[in-house]
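Open the model in your viewer and keep the selection panel at hand. The stops below each begin with something to select.

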Amino acid sequence: MTETSRKIGSGQFYFSRRISIAIPSRIWRPGMGFNYTGLPHEFKRNYLPPAVTFDWPDVSKFYDELSGRPIGSVSDLEKWLLDEAEFNAFLHEQRSVRYINSTRQTDNPEFTKAYEDYTEHLEPKIKLADFELLKKYASSPHRSLLPRASHTLDDKRRLNAVRVFREQNVELEKQESSLSQTYLRTMGAMTVNFRGQDRTLQQMSKFYEEPDRAVREQAWRLTDSRALADSTKLDEIYTKMVKLRDAEGRNAGFDNYRDYIFVRKDRFDYTPDDCIAFHKAVEDNMVPLSREIDRLRREKLGVEELRPWDMRVDPDSGPPLSPFEDASGLVAKAKQVVGQVDGQLSGFFERMVSLDLLDLESRKGKAPGGYQEELAEAKLPFIFMNAARRDDDVRTLLHECGHSFHTFLMREQGLPYYNDGANLPLEFAEVASISMEIISGEHYAGTFYNEADARRSNFEEATANVKLFTWVATVDAFQHWVYTHPEHTTEERAQAWVKTFSRFSGLEGYDGLEWSRAFRWQRQLHLFEVPFYYIEYGIALTGALGVWTRYRRNRGDAIEAYKGALSLGATRSLPDLFAAAGLRWGFGPAEMPGLAGELRAAIREYSN
Ligand SMILES: [Zn+2]
């Protein structure tokens with residue numbers, strides 16, 4: 001369950017475009033809980049009875065049946081896989097419902113407890129039981145006779161999972177999960193009082209867009225000092241996590257956690273060295289562009305030196321972009337935009353609206369951030385976000401729509417669970433979403449904005465994507481260091497961070513703020529919650545910019561290829577999915593110069 005986040009830049013540590021799970025609700029009102037029966041379950045169960053519950057005594061019966069069932073032929077195995085898939089879709093959807101409810105209403109103790117009960121009690125049992133099924137599958141002689149097209153990737157993933165599974169790691173992962181909760185609680189409890197109101201750090205970020213430089217500085221320093229007040233605690237949490245993770249890797253027979261996680265995350269098509277080559281390609285191609293962008297910013301702002309609080313204000317001192325009035329305006333305009341991109345995608349969007357699968361507006365008690373979660377049994381998407389009438393909300397909605405379109409296109413193929421959304425290579429799941437986020441900008445003029453504001457929105461998106469490459473390289477390179485030097489001290493870690501940060505940073509100066517720079521990594525949620533989950537954004541951004549480049553030259557061809565690739569679900573390898581989308585596979589020195597050229601040209605075009 002990885003809430004994700006993409007963003008960047010000074011002060012923008014908390015990003016919230018998703019990556020991971022998901023589930024929705026029909027006609028949900030505070031206090032009602034998730035009314036699951038309201039959703040159309042058009043895919044009938046063939047294996048599970050209608051009344052099965054999400055409790056271990058009930059769930060364990062199906063594990064027992066599946067692990068005890070004799071498999072005497074390849075058709076037995078195919079039937080077994082389909083039954084297991086139906087069971088897994090049920091488990092996934094139940095988990096998602098609990099997750100969605102807990103994020104829609106964080107102040108409802110019942111929802112919090114239901115989700116915690118799942119992670120504390122049910123999930124560890126499920127992991128162990130899943131392993132029994134994996135072993136059964138791996139030892140079946142009929143495995144090699146399964147149809148290749150739909151099973152090759154799934155087969156590799158299952159064998160990988162058997163290879164790295166260690167029972168003693170289940171307990172360590174539980175401890176990790178509990179530290180994750182402590183991290184989230186620590187971050188969530190951080191507030192500051194600014195202009196007479198208590199505000200979360202996330203709420204403070206809007207003041208970094210204030211034209212008045214003194215206000216920005218005051219807001220930045222206040223936020224920063226609040227975060228620094230917990231830096232020792234956060235350091236301790238991270239140190240414990242690194243130790244646990246290092247032990248998990250060694251338990252599984254690897255030299256370090258990095259080498260373990262590459263296998264664990266099914267990275268079949270790239271290696272740590274490819275990531276290191278990516279860091280270098282970003283340093284050579286994107287860092288110079290990032291610094292050009294900053295020089296332009298410095299000139300426009302008329303300041304001698306950029307400071308961390310100068311990085312998000314509009315350099316032309318315009319008021320914040322105002323794309324819509326309320327959630328219904330956001331939906332109506334997004335519908336127009338998607339309609340201009342493609343008729344079929346537009347139909348999917350309308351279906352989401354009519355089924356009430358969007359929870360868009362910020363409200364009290366709602367968790368921060370945004371995500372798209374798939375309801376695995378209903379095979380429908382659910383979008384959660386916190387819209388506040390900002391340009392970023394438009395991009396976030398279109399991003400999550402990209403994930404939703406993926407869910408719908410796989411649904412059209414009737415793909416079973418092992419070939420669908422829950423098992424997508426994450427690198428490609430984010431191609432689906434980031435592509436939609438970027439190409440939708442071609443249609444903002446006349447929908448969300450006038451011509452000038454649409455250009456400004458696209459300028460910000462293009463520059464944010466340059467900065468995203470540099471931030472992905474920073475976060476990823478830092479993790480390579482952390483987990484290949486597991487015995488480091490906290491001082492060494494801070495030094496390694498500053499060195500990495502400086503290698504990829506823009507032109508903002510930290511004189512007198514060295515302390516805050518040294519602890520900046522602590523606000524990057526992924527480092528704590530989802531280790532090594534970051535390079536995926538760099539790979540996906542490479543692919544998404546490829547889709548956008550194609551879209552600017554031939555919209556019809558680009559969208560057909562995009563949809564075709566999404567329809568394949570998790571039946572193909574990453575390089576094959578890239579190829580289906582009309583993209584060259586790779587994210588290193590061969591790709592980065594061309595992408596930097598495209599971005600540089602677009603930035604020039606949008607800034608006129
Ligand atoms: Zn995403």
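The tour goes from a sheet and its helices to two cavities and a pocket.

This is a predicted model, in which local features need pLDDT of at least 70 and side-chain atom pairs count only at pLDDT 80 or more, while totals for chains, interfaces and linings use all residues. Residues are numbered from 1 along each chain as its sequence is written, and side-chain values use heavy atoms, with hydrogens and water left out.

Select β3, β4 and β5 to begin, bearing in mind that helices (H or I, at least four residues) and strands (E, at least two) are DSSP runs numbered from the N terminus. The three strands form an open, mixed sheet in the order β3-β5-β4, where pairing requires at least two DSSP bridges between two strands. Because β3 (358-361) and β4 (371-375) stand at the edges with a single partner strand each, one side of each is left without a neighbour in the sheet. Between neighbouring strands the average turn is 15°, direction ignored. Now look at β3 beside β5 (residues 380-387): the two run parallel and are joined by three bridges, and Glu361 stands opposite Ala387 in β5.

Add helix α11 (residues 327-341), which lies across β3 and β5 and runs at about 120° to β3; axes here are lines fitted to C-alpha atoms, for helices over the stretch in contact, and angles run from 0 to 180 degrees between N-to-C directions. Helix α13 (residues 391-413) also packs on the sheet, touching β3, β4 and β5, with its direction at about 175° to that of β5, contact meaning heavy atoms within 4.5 Å.

Next, select Arg395, Trp548 and Tyr606, which are among the residues lining the largest cavity. On a 1 Å grid over the protein atoms alone, a cavity is a set of points where a 1.4 Å probe fits but cannot get out, a pocket is an open set with protein on both sides within 12 Å along at least five of seven lines, and lining residues have an atom within 4 Å of a point. The largest cavity holds about 70 Å³ of space, and α15 gives the largest share of its lining, four residues.

For the second largest cavity, of about 50 Å³, select α7, which gives the most to the lining with three residues.

Finish at the second largest pocket, with about 360 Å³ of space. Of its 17 lining residues, Lys44, Asn46, Leu82, Glu86 and Lys379 are the closest to its centre.

Technical notes
Points joined across faces, edges and corners; volume = space filled by probe spheres on them.
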